[in-house]
Amino acid sequence: MFFLSYITFMSVYGEIKFNKLKNERYKVVIENLKDIRDSQLAHRTVTGKFADNWDNLVKFIDTAEFTITQRRDTTVIDEELTKRYGGVETTKSIYLIDTLGTRSVKDSLFGVDTRYKTMMNIPLEIAEGAKFQLKAGKYEKNDVFYSVFEASVAKRLILSDQDTDLIYQEEQLVSVDGINGPTVRVGTMNDIDTGGNWPKLYDSPKQ
């Protein structure tokens, strides 16, 4: 009886330790994925598409600039209606886009921080030397092609030093409070979505 109780306790305790560790590692990984998402969104804003490799994305951050604009409403004479009404001056409202200047993408996103140069690396000792997988391309929906991207890492890599049965269970996870599927990712190649596949609890501010 004691032995059975001990085995049951160790099994439950092992799962508790596993869940605590996985959440800690996921949080660190997700911080990098958020930087990658911000960088890719900036890349699309400036170039119209997402970057498909890390070298180009880092070079973009180092060199690119946002154009700062301002929308201005104004009124002008509608020449067509004025002619139609026999010369009675008729106006219409339009808006103009004024270019105010530019701002460095690097300064806008990261300030003086240079972490964007290493955001592609899996930030865990257990995965030293490994990088997130990056894809970019087009996704068709209703006969329209949209730019999409995906950056991901396998849970099995993040948890490679843990119990294989627990890793397998984590890969099969389906839960509103967990990260579903075998990877932790941001963006997707299969939809128009630049969000992450993690629940909101991972978006809480750093303590």
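**Helix α2, Gly 178 and a surface patch**

Tutor: In this predicted model, Asn 53 caps the N-terminal end of helix α2, with a side-chain oxygen placed 3.2 Å from the backbone nitrogen of Asp 55.

Student: Which residues of helix α2 are buried, and why do they lie on the same side?

Tutor: Helix α2 spans residues 54-63. Its buried residues cover an arc of only 155° around the axis, which puts them on the same side of α2. The residues in question are Trp 54, Leu 57, Val 58, Phe 60 and Ile 61.

Student: Which residues are exposed on the other side of α2?

Tutor: To count as exposed, a residue needs over 50% relative accessible area. On the side of α2 that lies opposite the buried residues, the exposed ones are Asp 55, Lys 59 and Thr 63.

Student: Is Gly 178 buried or exposed?

Tutor: Gly 178 sits in the loop that runs between α6 (164-171) and β5 (183-187). Leaving aside neighbours within four places in sequence, Gly 178 is in contact with Leu 173, Asn 197 and Pro 199. Because its relative accessibility is 14%, and the cut-off is under 20%, Gly 178 counts as buried.

Student: What is the relative accessibility of Ile 192, which belongs to a nonpolar patch on the surface?

Tutor: Ile 192, found in the segment after β5, forms this patch together with Val 144 and Tyr 146, and the three have about 230 Å² of accessible area together. Partly exposed residues fall between the cut-offs of 20% and 50%. Ile 192 therefore counts as partly exposed, with a relative accessibility of 39%.

Notes. Residues are numbered from 1 along each chain as its sequence is written. This is a predicted model: local features need pLDDT of at least 70, side-chain atom pairs count only at pLDDT 80 or more; totals for chains, interfaces and linings use all residues. Side-chain values use heavy atoms; hydrogens and water are left out. Buried means under 20% relative accessible area, exposed over 50%, partly exposed in between (1.4 Å probe, protein chains only). Helices (H or I, at least four residues) and strands (E, at least two) are DSSP runs, numbered from the N terminus. The arc is that of the directions from the helix axis to the C-beta atoms. A polar contact is a pair of N or O atoms within 3.5 Å; within protein, one must be able to donate a hydrogen and the other to accept it, and residues adjacent in sequence count only if both atoms are side-chain atoms. Contact means heavy atoms within 4.5 Å. Patches are made of residues with over 30% relative accessible area and no salt bridge: like charges are joined within 9 Å, nonpolar side chains (Val, Leu, Ile, Met, Phe, Trp, Tyr) within 5 Å. Accessible areas come from the Shrake-Rupley method with a 1.4 Å probe; for residues, only the protein chains shown count as cover. A salt bridge is a side-chain nitrogen of Lys or Arg within 4 Å of a carboxyl oxygen of Asp or Glu.
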